[in-house]
Amino acid sequence: MHDYDLLVVGSANADLVTAVERRPGAGETVLGSDLAVHPGGKGANQAVAAGRLGARTALLARVGDDAYGRLLLDSQRSAGVDTVGVLVGGAPTGVALITVDPSGDNSIVVAPGANSRLTPADVTAAASLFQAARVVSVQLEIPLDTVAEVVRALPADTRLVLNPSPPAPLPAEVLAACDPLVVNEHEARVILAGAGAEVPEAPEDWARGLLALGPRSVVVTLGGEGALVAGPEGMARVPSVKVDAVDTTGAGDAFTAALAWRLGAGEDLESAARYAAKVGALAVTRAGAQVSYPTGAEVAAL
């Protein structure tokens, strides 16, 4: 019996968000809206998204002993996430600087702060959390050697979901553990190019190329076009859910968290991705990341 449906290992940031009429070019200054501060970070986002859906969730992360750190801890706890694995101190809490244009698209710069101090030793010390988790989800806003240690810490019956964001070349041992590797178009292209593979134009060819690198399965998110899932059972397109987008910040994190949870509950990859597409769609209809995530009841009503 697992105590957690999902253990998220990753980043926790304060999101500093401003709306702009257009994003600035090099050397250009544009005026934005009043600054809004939201709890964010890909790891913290995924944990809150899963918690709000009803998954028994824990987070392994590091925040600073500061106001942003307290904001993040409060957000996790309000979503029902177990914060026993959140380490405090060592550096200021990470910060993401986000601009959002009228279409809802965003540009993000991350100052990692305490996230860069989440070490392999922290993973080793959290062995009991890994033993208690049905699925582990991780991203790349923490050091890559820490991600590699997560792979080594996985019990034999625990599934790994990896979103390589921001994208970077991945060791073979990490790729081989992914089930699935979850990428958007940009991440797919960077990983294929970094592995010396030809970068094709069709998403189906991206998926085949990524599978050839070693993951057990792959999910390619395609924004308004939905997603593509690929694995031993074959390949399938998952349609998007049509909504009016307000802010896409954190929508991919909501998708990945929902996908990981449903896979741990025993759903096949395509069914889990269809559920995750609904969660991601609802998330873009509201401003912010964690504050935009739907409850399980809201997804059921969509």
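Helices α7 and α8 are oblique to each other, because angles under 35 degrees count as roughly parallel, over 145 as roughly antiparallel, 65 to 115 as roughly perpendicular and the rest as oblique. The model is predicted, so local features need pLDDT of at least 70 and side-chain atom pairs count only at pLDDT 80 or more, whereas totals for chains, interfaces and linings use all residues. Residues are numbered from 1 along each chain as its sequence is written, and side-chain values use heavy atoms, with hydrogens and water left out.

Select residues 185-194 for α7 and 203-211 for α8, whose axes come within 10 Å and cross at roughly 45° (axes are lines fitted to C-alpha atoms, for helices over the stretch in contact, and angles run from 0 to 180 degrees between N-to-C directions; helices are DSSP runs of H or I with at least four residues, strands runs of E with at least two, numbered from the N terminus). Next, display the side of α7 with E185, A188, R189, I191 and L192, which meets W206, G209 and L210 of α8 (contact means heavy atoms within 4.5 Å).

Move then to the open sheet, where 4 strands follow the order β3-β2-β6-β7 with mixed pairing (two strands pair if DSSP finds at least two bridges between them). Its edge strands, β3 at 36-40 and β7 at 106-111, each pair on one side only. Select 94-100 to see β6, which runs antiparallel to β7 and is joined to that strand by 6 bridges; A96 has V110 in β7 as its bridge partner.

Finally, pick residues 67-78: this is helix α2, lying across β2 (13-19), β3 and β6 and running at about 60° to β3.
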